[in-house]
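Please find below my notes on the model, set out as numbered points for discussion.

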Amino acid sequence: MADTFHNLDLDLALLHEIADGSDEFIVESIELFLEQIPTSLQDINNALSTKNWGMVAAEAHKLKATLGFFGMLNSQALIQEIEQSCKTDAPDELDIATKFNQMQALIAANTGTLTKIKEERKARL
């Protein structure tokens, strides 16, 4: 079963490949994502509010792999652009904030879908 939701920036093909048919692995991976993402986003938001560009870049870097694992390639591209922007001598605050808001909206849209998938898979266990 391929859980692909291009309109939501979500393609779980890599997760399914790694899970190798294990619903338990999929459920645990999604649960971990749902637990960690709010903290990661809050950490980035806090660093943005204090204009701590080094911290924004570091947190963005950590988040990139997670977004890629869940096939959130648009979100991953946005966070990579944020990371790169924060490493410049004069970060464009408005551009960074706009991209961060876009990424948060994509992730929020995916959260409901991931929760539904998690519950469906959990019911099979």
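**Notes on helix α2 and its flanking loops**

1. The elements that cover the buried residues of α2 include α1 (13-19), α3 (53-69), α4 (73-86) and α5 (93-124), where contact means heavy atoms within 4.5 Å and helices are DSSP runs (H or I, at least four residues) numbered from the N terminus. This is a predicted model, in which local features need pLDDT of at least 70, side-chain atom pairs count only at pLDDT 80 or more, and totals for chains, interfaces and linings use all residues. Residues are numbered from 1 along each chain as its sequence is written, and side-chain values use heavy atoms, with hydrogens and water left out.

2. The buried residues of α2 (under 20% relative accessible area, 1.4 Å probe, protein chains only) are D23, I26, V27, S29, I30, F33, I37, L41, I44, A47 and L48.

3. Helix α2 has 27 residues (residues 23-49) and should span 39 Å at 1.5 Å a residue, in agreement with its end C-alpha atoms, which are 39 Å apart; the expected span is 1.5 Å times one less than the number of residues.

4. At Q36, α2 bends by about 30°, and the proline P38 follows within four residues; the bend is the angle between axes fitted to the seven residues ending there and the seven starting there.

5. Most residues other than glycine have a negative phi. D20, in the loop between α1 and α2, nevertheless has a positive phi of about 50°, and D20 is exposed (over 50%), with a relative accessible area of 69%.

6. K51, just after α2, takes a positive phi of about 55°. K51 lies in the loop between α2 and α3 and is partly exposed (between the buried and exposed cut-offs of 20% and 50%), with a relative accessible area of 46%.

How values were computed: Helices (H or I, at least four residues) and strands (E, at least two) are DSSP runs, numbered from the N terminus.
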